[in-house]
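User: I have a model open and want a quick walk through it. Can you take me through the contacts and the fold?
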Amino acid sequence: MTTGTTTKKTTAEKTTVGFSAAERAAMKDHAAELKTAARRNSRSAKADGEQDVLAKIAEMTGTDREIAERLHALVKSVAPELTCKTWYGMPSYMRDGKIVCFFQTAAKFKTRYATLGFNDIANLDDGDLWAVNYALKAMTPAVEARITDLLKQALS
């Protein structure tokens, strides 16, 4: 997950590095997600996870929301076996309880582009070096085709 800049606080005796406000908010989101998941039963978890993702997408604005809506629809059509859940306050998609990919808005960390990221469970290996995070500025047909290919490879 891409993070914002850290803040450095200096006192006369020591220097500490802390988390940015966006990083603290993401950690609070994750803690709330864990509490919610612990209260749910396994039968409703899949439906509840998708509702949580759709609610997060509904909270987004502008380009972030447009991209997230189209990405969600694309993931559901290309990889219906993936289940949804929020992860650090962002939509994510998992297989067998492990996050395969996630979407991070530009607004969350005040960046100029949203991000589609893949975790190590995704089968994107290409020799000794391969990309796992992709900048998203718009969801064009070419971008959708590339994401489709990435999802298929990730799940192969």
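Analyst: Start with a salt bridge: Arg70 pairs with Glu144, with the closest N and O atoms 2.6 Å apart. A salt bridge here is a side-chain nitrogen of Lys or Arg within 4 Å of a carboxyl oxygen of Asp or Glu.

User: Where do Arg70 and Glu144 lie?
Analyst: Arg70 is in helix α3 and Glu144 in helix α4 (residues 141–154), so the pair ties together parts 74 residues apart in sequence. Helices (H or I, at least four residues) and strands (E, at least two) are DSSP runs, numbered from the N terminus.

User: What kind of model is it, and what are the ground rules?
Analyst: It is a predicted model: local features need pLDDT of at least 70, side-chain atom pairs count only at pLDDT 80 or more, and totals for chains, interfaces and linings use all residues. Residues are numbered from 1 along each chain as its sequence is written, and side-chain values use heavy atoms, with hydrogens and water left out.

User: Are Arg70 and Glu144 buried or exposed?
Analyst: Neither extreme. Arg70 is partly exposed at 39% relative accessible area. Glu144 is partly exposed too, at 22%. The cut-offs: buried is under 20% relative accessible area, exposed is over 50%, and partly exposed is in between (1.4 Å probe, protein chains only).

User: How many salt bridges in total?
Analyst: Four by this rule. Another one joins Lys76 and Glu50 at 3.5 Å, N to O. Lys76 lies in helix α3 and Glu50 in helix α2 (residues 42–59), so this pair ties together parts 26 residues apart in sequence.

User: Which salt bridge sits within helix α2?
Analyst: Lys56 with Glu59, at 3.6 Å, N to O. Both lie in α2, three residues apart, about one turn of the helix. Lys56 is partly exposed at 22% relative accessibility, whereas Glu59 is exposed at 56%.

User: Switching topic. What's the overall fold pattern?
Analyst: Along the sequence it reads β-β-α-α-α-β-β-β-β-β-α. That comes to four helices and seven strands. Of the 156 residues, 35% count as buried.

User: How much of the contact map is long-range, 24 or more positions apart?
Analyst: Residues 24 or more positions apart give 45% of the contacts with a separation of 6 or more. A contact means heavy atoms within 4.5 Å.

User: And the surface: what is its area?
Analyst: About 9,400 Å² is accessible, and 53% of that belongs to carbon and sulfur atoms. The areas come from the Shrake-Rupley method with a 1.4 Å probe; for residues, only the protein chains shown count as cover.

User: Asp64 caught my eye. Which salt bridge, if any, does it have?
Analyst: None, although Asp64 is buried. The nearest side chain of opposite charge is Lys108, 11 Å away. For charge, Lys and Arg count as positive and Asp and Glu as negative; His and the chain ends are not counted.

User: What does the Asp64 side chain reach, then?
Analyst: The backbone nitrogen of Ala107, at 3.1 Å. Asp64 is in helix α3 (residues 62–78). Leaving out residues up to four places away in sequence, it touches Phe103, Thr105, Ala106, Ala107 and Ala114.

User: Now the strands. How covered is β3?
Analyst: Mostly covered. Four of the five residues in β3 (residues 83–87) are buried. β3 pairs with β4 (residues 90–95) in the antiparallel sense over five bridges. Two strands pair if DSSP finds at least two bridges between them.

User: Which residue stands opposite Lys85?
Analyst: Ser92, in β4. The hairpin has two residues between the strands, and Tyr88 there takes a positive phi near 55°.

User: Why flag a positive phi?
Analyst: Because most residues other than glycine have a negative phi.

User: Which other residues show it, and where?
Analyst: Among them is Asp96, at about 55°. Asp96 is in the loop between β4 and β5 (98–104) and is exposed at 75% relative accessibility. Lys110 also has a positive phi of about 55°. Lys110 lies in the loop between β5 and β6 and is exposed, with a relative accessible area of 75%.

User: Last one. What does Val132 touch?
Analyst: Leu116, Gly117 and Phe118, not counting residues up to four places away in sequence. Val132 lies in the loop between β6 (114–118) and β7 (133–136). Val132 and Leu116 are 16 residues apart in sequence and 8.3 Å apart in space, C-alpha to C-alpha. At 31% relative accessibility, Val132 is partly exposed.

Terms used. Polar contact = N/O pair within 3.5 Å; in protein donor to acceptor, adjacent residues only side chain to side chain.
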